[in-house]
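Hi,

Here is the structure I promised to pass on to you. Have a look at it first, and then read my notes below.

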Amino acid sequence: MPVFSRPLLGEHHSEDDDLSVREINRLSAAAIREALSCCWDDLDVRCMPVVDSTNLEARRLLSVENKEYLVASSAQSAGRGRRGRIFYSPGDGCGLYFSLALPWSYEAQPTQVTTMAAVAVCRALETLYGLTPKIKWVNDIFLQERKVSGILTEGWIRPETQSIDALIVGVGINLVSPKAGYPQEIADTAGALADSISNQMTKLIDPNSLCAAIINALGVIIDELPDRAYMEDYRQRCFILGKRVLLDDERVVIPSTVTDDGTLVVFENGRYEQLSTGEIQSIRLDIRDDGLVVE
Ligand code: BTN
């Protein structure tokens, strides 16, 4: 049974009152903190109406003090995607953008943390809205064949020691599609949460509850380490497994699984090969896919 969060403001709002919707959807550090589970008691939560990039802001905060931060914003002027791409982050209540900065002592590499965050996003969307999100390796969350969320995990290297002292997990979610549509480059692939739920329920998407639910889900996964049972969930949701996909180098391969450390195992020319995120720029389903499934 999907549970929908209540609006932050108690007043009644008319269906077409956009301003009211924006009011309801206002990010609030107090509201996020209230919805966080007790394992996040030490998290320093900060909300900003607009920022260049929440990942960059988290980096700035870490350089002052290495502790747990959550930086959330409703708009980014320089949202960062993987491989130096821009992550489209308009305001007007269209999106939720946040970064969790964690002093990190586990062995896990950033890619592994990305897989943890991907599962956490899916579980939160499933619990709050009854959706069935899918994952496109390694960091994209899809609903109805459209990308609704992306994750960028970066290591924070202390200049004095040159060691990774903290990880910054950045999550961007399209809540509502922009009225003027998406920029041309992503118009064919981008979608929003609201496109997958009913109109009435769209008004009740509360970014504070959503943000907290994702962080709580991630907390559960981190608490279970070194048990990596969440990777089974990741593989179940990863919709490119067993499908023919095109890599940016024009190769057509069939991904058979994702290892626990986030490596993609593909089948090509009669043999298996392991691909890391660093080796692949883009991956997309081959439209000529004939449904061949590899065991
Ligand atoms: C991708 O799809 O390539 C990853 C996108 C990650 C975007 C999020 S939004 C919050 C955080 N701040 C950023 O500048 N990027 C991440």
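In this predicted model, a backbone N or O atom of R80 sits 2.7 Å from an oxygen atom of the ligand. R82 does something similar, with a backbone N or O atom 2.8 Å from a ligand oxygen. For K147 the side chain is involved: one of its N or O atoms is 2.5 Å from an oxygen atom of the ligand. The ligand on its own exposes 420 Å², and the protein buries 97% of that.

The shell around the ligand has 21 residues, of which S53, Q76, R80, R82 and K147 come nearest. By class, six are nonpolar, 11 polar and four charged. At least two shell residues come from each of α3 (54–64), β3 (95–103), β6 (146–157) and β7 (164–174). The largest share, four residues, is supplied by β6.

That strand is also a good way into the neighbouring strands. β6 runs antiparallel to β5, and four bridges join the two. One of the pairs should catch your eye: F142 in β5 has K147 in β6 as its bridge partner. Two residues lie between the strands in this hairpin, where Q144 takes a positive phi near 45°.

On β5 (residues 140–143), D140 and F142 point one way while I141 and L143 point the other, and all are buried. β5 also pairs antiparallel with β4 (residues 134–136), through three bridges. There, I135 stands opposite I141, and three residues separate the two strands of the β4 and β5 hairpin.

Happy exploring!

Terms used:
Residues are numbered from 1 along each chain as its sequence is written. This is a predicted model: local features need pLDDT of at least 70, side-chain atom pairs count only at pLDDT 80 or more; totals for chains, interfaces and linings use all residues. Side-chain values use heavy atoms; hydrogens and water are left out. A residue is near a molecule or strand if one of its heavy atoms lies within 4 Å of it. A polar contact is a pair of N or O atoms within 3.5 Å; within protein, one must be able to donate a hydrogen and the other to accept it, and residues adjacent in sequence count only if both atoms are side-chain atoms. Accessible areas come from the Shrake-Rupley method with a 1.4 Å probe; for residues, only the protein chains shown count as cover. Ala, Val, Leu, Ile, Met, Phe, Trp, Tyr, Cys and Pro count as nonpolar, Asp, Glu, Lys and Arg as charged, and the others, Gly among them, as polar. Buried means under 20% relative accessible area, exposed over 50%, partly exposed in between (1.4 Å probe, protein chains only). Two strands pair if DSSP finds at least two bridges between them.
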